[in-house]
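Grab a pencil and work through these exercises with the model open beside you. Try each task yourself before you read its solution.

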Amino acid sequence: MNTIQIEALVKQMTRLEKIGQMTQITTSFFNVDGAKATGTASRMKDVEQHKWIVGSVLGKLDAASMLRIQRDYLQHNRLGIPLLFMTDVVHGYKTIFPVPLALSCSWNPEVLRRTARVSALEAAAAGFQVTFSPMVDLVRDPRWGRVMESFGEDRLLLGQFGAAMVEGYQTDDLQQPDTLAACVKHFAGYGAAEGGKDYNTVDLSPLSLYNDYLPAYHAALQAGARLMMAAFNTLNGVPATANTWLLQDILRKQWGFDGTVISDWGAVKELIPHGVAAGSEDAARLSLQAGIEIEMMTTAYIEALPELCEQHPELEQKLDEAVTHILQLKQELGLFDDPYRGVSEAREQEMLLHPSHRQAAREAAVQSMVLLKNQNVLPLNPDHKLALIGPFADNQHILGPWSVDGDPNHTVTVLEGLNQQGVHVQSLSTDDTRIDEDALHQAIELIRQSDIVVLALGEREEWSGEAGSRASIGLPPDQLKLLRIAAAAGKPVIVVMFAGRPIELAEVAHHADAILMAWFPGTEGGHAIADILTGRSNPSGRLTMSFPYHSGQIPVHYNHLNTGRPAHLLTQEKRYKTQYLDVPNESLYPFGYGLGYSEFVYGDIDADTGELSIDRPLQVSIPITNNGDYTGCETVQVYIHDRVAEIARPVRELIAYRQIELKPGETARVEYTISAEMLGYYHTDLQYRADPGEFELIIGPDSHRGASVMIRIV
Ligand code: GLC
């Protein structure tokens, strides 16, 4: 079906049919087993009579139910417009990969692309055509539960990894039945919710939006994403769902987005508690005028738009624009040619948990984990007897939030992973919050019989994810008690940490000899952890979100401004500078940080003339040597500090990185092309450009260390 045919189809549609296309309900209304009509769904009146004209559904599905629903729907839909099936495939569908914050620590766009590709193969086989992913909300507050869905605190990585996932989901041909249309979210600034409380108020200056928060959404759209989801939060007083500046001025006019805009769940009617809509009619009008084209899981459009369009005929054009985008999306997905998109139970069976998908998840998990500390206790000595203790010792609930159709029963636990690699291990599983005296005595006895201790600690899955905000991001007291007892027993202690966010680790760092941040590592988590602990894999993950010493430091992020009294410069001044009296100023573990089993030595930077211009980039390079005994992968990071600019600029900002693998004793020269474009920023006139002048260029292993040279734009 081409554009002309779509225009003709829109002309045939009644107003209610158009509004139906703009309404999304859950699969529960089509009696999908296990799909529950929760929350707003159960309160959606008179949907029953409209379900044959709604344009899309979301939620639980499988191949058989998709085929049944689509067949029934097409029998009832007057114009034979196929139904669209959407869901939240965020880090895998049935084969679950590490949570996105973990995946981002691979610093490897190919890992993100492959995760998305495998996700699409499985979810498309189960009947879906759209995923509400990638989430590219920039995050600086680990109290917010949804940091697990993000790619961290840096706009360059957020944009690159979001774009990579779009490419993995969509490939270059959405007509292929094993693709998913990507929906970027949550537009915009959702990660800056006040106090880290979900759905909370967001206030961001235009410069912060343009320089930090907006670039990643734009990068994901430039990769071809076909949908954008508006965020729940207000942005500078106006809810994103009704924010014409966001959805029209930025998205449509400045960025030229020609895809479909969808609300978040129930967000249209949430304009009423936000206090900008008196009732459903206001909510529908404001959302439609701002540019919401699909209303997710409320029926303000169905209830109010028929009458509103009678009173305001100019709104009819907004309906036609919205419906045209929705029908174009269905056409791009090939649904008018084949509403079933080749779905079959046989193909579903073949795709889900395919061995190659599990292998991809295992490799992604290995590259996502970050070794934060290692005082010569890892890799494990194969002759050592190991005591594995804690709430995650043999726990299959390590998939993390948004695991769609993932089944914990398919998950490899730490104990299983270690056993399968022949490690001599005795384990004791404990509760995650109540570890009583009896359990502690058992732990002490197990440690007495062992050479080395692995404590599998962390936060419960449900303490992370949507509405998983925590005021304090520490470990439960009983887990810390177990740690102290293990440390006092005089055997080396390794902590494997499970969480969807940076955790307060100062006390853990004090007691443990090694710390491996495993995040929520997914279906193959136990294998990946065993691969790293045994040395079968050399850990290469690098943090993409800072770990604070203390929750009270939040927000703490690497690319902060200097201030007029920078503590790291005023070393002689004891009091009157930007600092806390009671905790260190910097993060415990900084952005970009991570250890491995190799020892990488950085040489001197070669910056050629040190000069570049708008049309002549500068070549820089640095020799890196692996002085260790293990072949390893190093992420060589390039930062700049713009010392004098029109606005205060970050003390460091990532502009490039390169991953190299070096054998023991091998040296390689890592090269970068630095363009003026990479040194630019949005000025107070909100125009992006680079200024002539000096920049400090730093190349190092993380955002705190590295060699530096001065370069100049002439
Ligand atoms: C949720 C989330 C959003 C998700 C949507 C559909 O509330 O905010 O990220 O895609 O609803 O599940």
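**Exercise 1. Explore the ligand's surroundings: how many residues surround the ligand, and which are the closest?**

Step 1. Count the neighbours: 13 residues surround the ligand, where near means that a heavy atom of the residue lies within 4 Å of the molecule. The closest are Asp88, Arg146, Lys185, His186 and Asp264.

Before you go on, note that this is a predicted model, in which local features need pLDDT of at least 70 and side-chain atom pairs count only at pLDDT 80 or more, while totals for chains, interfaces and linings use all residues. Residues are numbered from 1 along each chain as its sequence is written, and side-chain values use heavy atoms, with hydrogens and water left out.

Step 2. Sort the shell by class. You should get seven nonpolar, one polar and five charged residues. Here Ala, Val, Leu, Ile, Met, Phe, Trp, Tyr, Cys and Pro count as nonpolar, Asp, Glu, Lys and Arg as charged, and the others, Gly among them, as polar.

Step 3. Now look at atom pairs. An N or O atom in the side chain of Asp88 sits 2.5 Å from an oxygen atom of the ligand. For the side chain of Arg146, the distance from such an atom to a ligand oxygen is 2.7 Å, and for Lys185 it is 2.9 Å.

Step 4. Check how covered the ligand is. On its own it exposes 310 Å², and the protein buries 94% of that (areas by the Shrake-Rupley method with a 1.4 Å probe; for residues, only the protein chains shown count as cover).

**Exercise 2. Look along helix α1: which of its residues are buried, and where do they point?**

Step 1. Find the helix at residues 3-12. Helices (H or I, at least four residues) and strands (E, at least two) are DSSP runs, numbered from the N terminus.

Step 2. Pick out the buried residues of α1: Ile6, Leu9 and Val10. Buried means under 20% relative accessible area, exposed over 50%, and partly exposed in between (1.4 Å probe, protein chains only).

Step 3. Look down the axis of α1. Its buried residues fall within an arc of 100 degrees, so they line one face of the helix (the arc is that of the directions from the helix axis to the C-beta atoms).

Step 4. Turn to the face pointing away from the buried side, and you'll meet the exposed residues Ile4 and Lys11.

Step 5. Ask what does the covering. It includes α2 (15-21) and α13 (315-332).

Step 6. Finish at the N-terminal end, where Asn2 acts as a cap: one of its side-chain oxygens lies 3.0 Å from the backbone nitrogen of Ile4.

**Exercise 3. Hunt for backbone oddities: where are the cis peptide bonds, and which residues have a positive phi?**

Step 1. Recall the usual case. Most residues other than glycine have a negative phi, and most peptide bonds are trans.

Step 2. Go back to a pair from the ligand exercise. Lys185 and His186 are joined by a cis peptide bond, with omega about -5 degrees, and His186 belongs to strand β5 (residues 181-187).

Step 3. Move to the loop between β11 (370-374) and β12 (385-390), which holds Pro379. The bond from Leu378 to Pro379 is cis as well, with omega near -5 degrees.

Step 4. Stay in the loop between β11 and β12, where you'll also find Asn376. Asn376 isn't a glycine, yet its phi is positive, about 55 degrees. Its relative accessible area is 78%, so it is exposed.

Step 5. Try Val404, in the loop between β12 and α16 (414-420). Its phi is positive too, near 40 degrees, and at 34% relative accessibility Val404 is partly exposed.

**Exercise 4. Compare two helix residues: are Ser368 and Leu483 buried or exposed, and what do they touch?**

Step 1. Start with Ser368 in helix α15. Its relative accessibility is 1%, so it counts as buried.

Step 2. List its contacts (heavy atoms within 4.5 Å). Leaving out residues up to four places away in sequence, Ser368 touches Pro98, Ala102, Leu103, Cys105, Ser106 and Trp519.

Step 3. Jump to Leu483 in helix α18 (residues 477-488). At 0% relative accessibility, Leu483 is buried.

Step 4. Beyond its neighbours within four places in sequence, Leu483 contacts Leu455, Val493, Val495, Glu507, Val508 and His511. The C-alpha atoms of Leu483 and His511 are 7.2 Å apart, with their positions 28 residues apart along the chain.

Note on methods: Near = heavy atom within 4 Å. Polar contact = N/O pair within 3.5 Å; in protein donor to acceptor, adjacent residues only side chain to side chain.
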